[in-house]
Each structure stands twice: as C-alpha cells, then as structure tokens.
Amino acid sequence: MKKTDWYKDAIIYQIYPRSFCDSNGDGLGDIPGIISKLDYLKDLGVNCVWLSPVYDSPQEDNGYDISNYKDIYKPFGTLDDFKVMLNEMHKRGIRLIMDLVVNHTSSEHPWFNSAISDKNSPYRDYYIIKKGKKNGKKPPNNWSGFFAEKAWEKIDDEYYYLHLFAKGQPDLNWENPKVREEVKDILRFWLDMGVDGFRCDVITLISKDQRFKSVFPTLAIAGKQYYVNGPRLHEYLHELNKDVLSNYDCMTVGETVLSSLDDAKLLIKPEREELSMVFNFDHTDTDNFFGAKWFYREFKLTRLKKVVDRWQHGLFNCGWNSLFIENHDQRRCVGRFGTNDKELRYESATMLGATYFMLQGTPFIYQGQEIGMTNGDFTAMADLRDVEVKNTYKLAEKIFFLKPLIKKHMFSLTRDNARTPFQWNNQEFAGFSSVEPWIRVNANKEFINAEQDLKNEKSINKFYRQLIEFRKNNEVIKNGTYTCLNKNNNDVYAYKRKLDDKEVVVISNFKNKIIKEKLIDELSNYKLVISNYSNKSNELQPYETRVYINY
Ligand code: TEU
C-alpha cells in the first residue's frame, strides 16, 4: 500500500464517546449516538475523527484502561456498531483514527490477572513486576506517577507492579518482544478493519530505563528522567512502523507529554519512520509553572508567541505540527488564554479559533469547542468524576502547602471541564440523553447549545465552517512560511503566512479592550476574508480577529 500524507490536509474532530451522544438512555454516550451525529460533522466540514477509547474497559480512567483491545465497551455498543460507524464515516469522506493506549492496560485485562495470580504465568513478564526492597516492605524504587500516587502497587508480600497512571493501569513491559508482537497484532486488527490511524496515548513513556533507579528529590512525577523518552523508545516506534504501519495508508499522532521540540523531531522526521505527528503541550503550559497545571499562573501572550514561533519554525520542512487548543484533558479554551467566557464568548471563541487555524499543521477540534462550550459549573467534590482530580485532592489534603492551591483551582482546572455532556439543545439533559448523564450537564445549555448556535447571527459553528473552508486546498496555509509580526506585543498577535508572493495575515486582539493597530494601515491593499466583527477601522475591538489575503 502506498503511503500518502493525507493527514496534512486533515481537519480532525475529537470525540470523547462518553459525553457526545447517548442513543439508548443510559446516561452514557455511545456509538449509535455518534452515528446519528455524522451529518452534523459533515456539515461542519471536518474530514477525520479521532475517537477517544471505545474498547472494553472497567472505566477507571474513562476507557484509558483497556481490558480487551479487540472488543467494544458494551454500554458504547458492539463491534458491529463500530463497523457501521466506520463505514458511515467513510461514506461521508471522514476518516477515523482510534486511540491506542498501549503504555498500560487495565488491571482487569486477562494478561494482568494471569500475571499477578501465577508467578510462572507466561504473562508475568508482560508487566513490570519487581521485588520490593527491605523484604518487600518498601517499593522497588521511589518513582511516582502522573495521578498523584506512588508508581508501585503491592501484589503480595514480596512483589510490586509499576503503574505510571492509576492503580488500575499497570504499565506494560515493552522490553518483552511478545508484548510488542501483541501491540502489532492490535494495530493490524483495527487497520485491517479499515481504520485510518492512531492517536498514541503517552507513547513517550513506553521504554523504561531498566536500572529502575531511585531519584532525589522526589517531586511530582518522580523518576521521569528514567521513563519519559526512555532508552529504547525510538527503536520500538521504528519497529511498529516497519512491521505494521508502513504497510497501510495510515497516520499516527503521538501524545508526547514532557517532550521538547528536539524530542519531537526525532519522533516525526519522515526519514526516521516513527510517527507522523506529535501533540506537544508547550502552549497549554503557558498558564502554569513547571508544566504542572495545578501551579496556575496568569496567561501572557508573549509567552504563547514564543512557543508557537519555536514550533512553527522548528518543524518547518522537517516535520509537521499538530494544532490544538482543547482536548479531553484540558479545560475549555473560552475563558482561557486571556479570553472571556461570558458576554464576549463568541468573540473569544472565534478569535482563538482563527488564531490557531491559520498556522502550519493539522488542526484538531475537540467536541463542543465549535459551539464555544465552557468549563463545567461544578461547585462540589461530588460533581467531579475524574480519577486524576480525586487523587490529587486526596494528596493535597495531606500536604499543607498544596491544599489551598489545589482547592482554589480544583473546579476550574479539573479535566472534567472538558467532559461534560455535549450540549445539543436546551432540553433538560441538553439533548445528550433522556436521563441524568454520568456527569452533570452545564446549566448554560439553556443558551449554549448547537441548535441555538446555528440559529444565532453570531454562530461559532459557522465561523469554524468558514475557517475549515478557507484552509481546504489553501497552499499558503499548507506550505507557506510563518513569521510573527509583533513578537513583543502582549495584546495583539499578528502573523504572516507566505508562499511565493501570496500572503495570509492574521491579526488577533487577545485583550478585552479596544486597541489601535497600525499594522492594519499597511494592509490597505489586502482583502479581509474572515473576521468576527464587521469592523474595518484600524481599531481592533475586544477579541477581534481578522484574516487578510493579498491574492
Ligand atoms: O494523558 C496523559 C497525561 O499525561 C495527562 O493525563 C496529564 O497527566 C493530564 O492531562 C494532566 O492534567 C493521556 C490521556 O490523554 C489521558 O486522558 C489519560 O488519563 C492518560 O493518558 C492515561 O492513559
């Protein structure tokens, strides 16, 4: 099969199945629900879907804990439903990429059950199982994971298993060639069914330094120098590529937490034959310290520009960027990056949309982003569902300086913010379900919902349609250079894309105030093609955005 670069022309919509559309009234989204909304996606103009995990799972981490890689979580539907969905997508010119979660399985996966119940099990070596220190009283080392817990859990008096995420997510042992063969087998299973690629969950964690050394000091994510971008990462990815991925016309996007631009280059330079793209988090970390979201700090536009400049220049002609401002682990973008999720919600949502959409790379839209859904309206711990926030809260209760910090930001920073039910209409359960959903519907569904948005004169969805339409077949956006026009300006983001003598210029006001912008005077011969105000003066309105072309 000849490999093509179709992903460079993709506009990818992420579906978080639990929260998208519930067809059978059990409060959980499902595959038939997704099928019923495919025309909505087609109308939006996207040509690819990234589906968060739908595999069988005890759902400790909402499906990122898989107990059977070749079946569907029953409340979401069946394999037959999945095949119908895939076919219906393809009929509409929409490709499908699956979430591939293979750093860890669920602790309810039969491999793990066998591994921990029998020391001689052939599956024992599928996981990272080690003897504890001090006759088993202490874990093998002092690593901690991503969900505010120690990384080792006891199996019996002597042994522990490694889990970099929740206890129910034991890490696989990629050193074992049999594990790698299992992963290849999973890839082939779905690719042969016709899926078009994978978003590879925490893929940079799969290779662990086999010395399993303790670290000092033991801050959050202790030991990361021994398990992020580990010694055999590139070898493993190249192996998957060579043995499986290269035989299909598919793409991969790796989720690369804690990775730099240089790390990314090694993962995606085409000649290295590893991944197609990566998700980096430098831009979503512009409003925190140390890349740790709980250490919140005020957003600053110049900081964002620096990051975007670095990645746009850094991957030009040697890799390909992924572009995103939301996903299921991030809070909603309206109200973030200095914007406003109340009276200027339309302006904020559209400004952010236009600003990232004209960059070089493949844009991703997270469900609900295209109608300007906001963070959840949580007021009590009982409203929250996510294992990460629950664990973090537990830890914070024990550590005096963390407690006030986390309590203050818990509701605004929890991943649950992105996971509230999709607001289709203003009915009791937002048209998502006929019963009380698994996580509460935001009360603002009364006025923030897809049906209403599409009727509004100021429709966020229709603005996104314009962005998508503009990008399609646009060579300047696809291949042009990127230049930031006002690096040190902390209020307005202006950048130019250029290919031969064709130019696209984007100017976005990141502030809730009117700003006189001299650059606009220089664009008098350019055509204004997209904007979120009907203003033509050189005074930018709050959160105004404009896209100009010279051709
Ligand atoms: O996320 C990896 C990851 O590092 C994030 O969970 C991160 O720790 C968090 O967003 C910080 O707030 C991936 C998935 O996207 C996530 O949903 C899973 O929970 C996680 O892997 C484990 O599979």
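User: Before turning to the bigger picture, I would like to learn how to read a strand order: which strands form the open sheet of 3 strands, and is their pairing parallel or antiparallel?

Analyst: Bear in mind that this is a predicted model. A strand order names the strands as they lie side by side in the sheet, and here the order is E6-E8-E7, with antiparallel pairing. Strand E6 (129-131) and strand E7 (152-154) are the edge strands, each pairing on one side only. Neighbouring strands of this sheet are turned against each other by 35 degrees on average, direction ignored.

User: How many bridges hold E6 and strand E8 (residues 159-162) together, and which residue in E8 is the bridge partner of Ile-129?

Analyst: E6 and E8 pair in the antiparallel sense over 3 bridges, and the partner of Ile-129 is Tyr-161 in E8.

User: What is the order of the open sheet that 8 strands form, and is the pairing parallel or antiparallel?

Analyst: The order of the 8 strands is E11-E10-E9-E5-E2-E1-E15-E14, and the pairing is parallel. Strand E11 (277-279) and strand E14 (322-323) stand at the edges with a single partner strand each, so one side of each is left without a neighbour in the sheet. Within this order, strand E1 (residues 12-15) and strand E2 (residues 48-51) run parallel and are joined by 4 bridges, with Cys-48 of E2 as the bridge partner of Ile-12.

User: Where does Asn-47 lie, and with which residues is Asn-47 in contact, leaving aside its neighbours within four places in sequence?

Analyst: Asn-47 lies in the loop between helix H2 (38-44) and E2. Beyond those sequence neighbours, Asn-47 is in contact with Asp-9, Ala-10, Ile-11, Gly-93, Ile-94, Arg-95 and Lys-472. For one of these, Ile-11, the C-alpha atom is separated from that of Asn-47 by 5.6 Å, although the two residues are 36 residues apart along the chain.

User: Which helix lies across E14 and strand E15 (362-366), and at what angle to E15 does it run?

Analyst: That is helix H10 (residues 345-357), which runs at about 155 degrees to E15.

User: Let us move to empty space. How many cavities of 30 Å³ or more does a search of the whole structure find, and which residues are the closest to the centre of the largest cavity?

Analyst: Rolling a probe the size of a water molecule over the atoms shows where empty space is left. In this structure the search finds 3 cavities of 30 Å³ or more, and the largest cavity holds about 270 Å³ of space. It is lined by 19 residues, of which His-283, Val-308, Phe-324, Tyr-356 and Leu-359 are the closest to its centre. Helix H9 (301-315), E14 and H10 each supply at least two residues of this lining, and H9 gives the largest share, 5 residues. By class, the lining of the largest cavity has 13 nonpolar and 6 polar residues, with no charged residues.

User: What lines the second largest cavity, and how do the residues of its lining divide by class?

Analyst: The second largest cavity holds about 50 Å³ of space. Leu-100, Leu-187, Cys-200, Ile-203, Leu-237, Leu-240, Leu-245, Thr-252, Glu-274 and Leu-275 line it, and they divide into 8 nonpolar, 1 polar and 1 charged.

User: Turning from cavities to pockets, what is the volume of the second largest pocket, and which residues are the closest to its centre?

Analyst: The second largest pocket has a volume of about 480 Å³. Of the 25 residues that line this pocket, Asp-5, Tyr-7, Ile-268, Pro-270 and Ser-276 are the closest to its centre. Its lining has 10 nonpolar, 9 polar and 6 charged residues.

User: Finally, how many helices and strands does the protein chain have, and what is its radius of gyration?

Analyst: The protein chain has 15 helices and 22 strands. Its radius of gyration is 23 Å, close to the 24 Å that the globule rule gives for 551 residues, so the chain is as compact as a globular protein of that length. Taken along the principal axes, the C-alpha atoms fill a box of roughly 75 × 50 × 50 Å.

Note on methods:
Residues are numbered from 1 along each chain as its sequence is written. This is a predicted model: local features need pLDDT of at least 70, side-chain atom pairs count only at pLDDT 80 or more; totals for chains, interfaces and linings use all residues. Side-chain values use heavy atoms; hydrogens and water are left out. Two strands pair if DSSP finds at least two bridges between them. Contact means heavy atoms within 4.5 Å. Axes are lines fitted to C-alpha atoms, for helices over the stretch in contact, and angles run from 0 to 180 degrees between N-to-C directions. On a 1 Å grid over the protein atoms alone, a cavity is a set of points where a 1.4 Å probe fits but cannot get out, and a pocket is an open set with protein on both sides within 12 Å along at least five of seven lines; lining residues have an atom within 4 Å of a point. Grid points are joined across faces, edges and corners, and a volume is the space filled by probe spheres set on the points. Ala, Val, Leu, Ile, Met, Phe, Trp, Tyr, Cys and Pro count as nonpolar, Asp, Glu, Lys and Arg as charged, and the others, Gly among them, as polar. The radius of gyration is taken over C-alpha atoms; the globule rule is 2.2 Å times the number of residues to the power 0.38.
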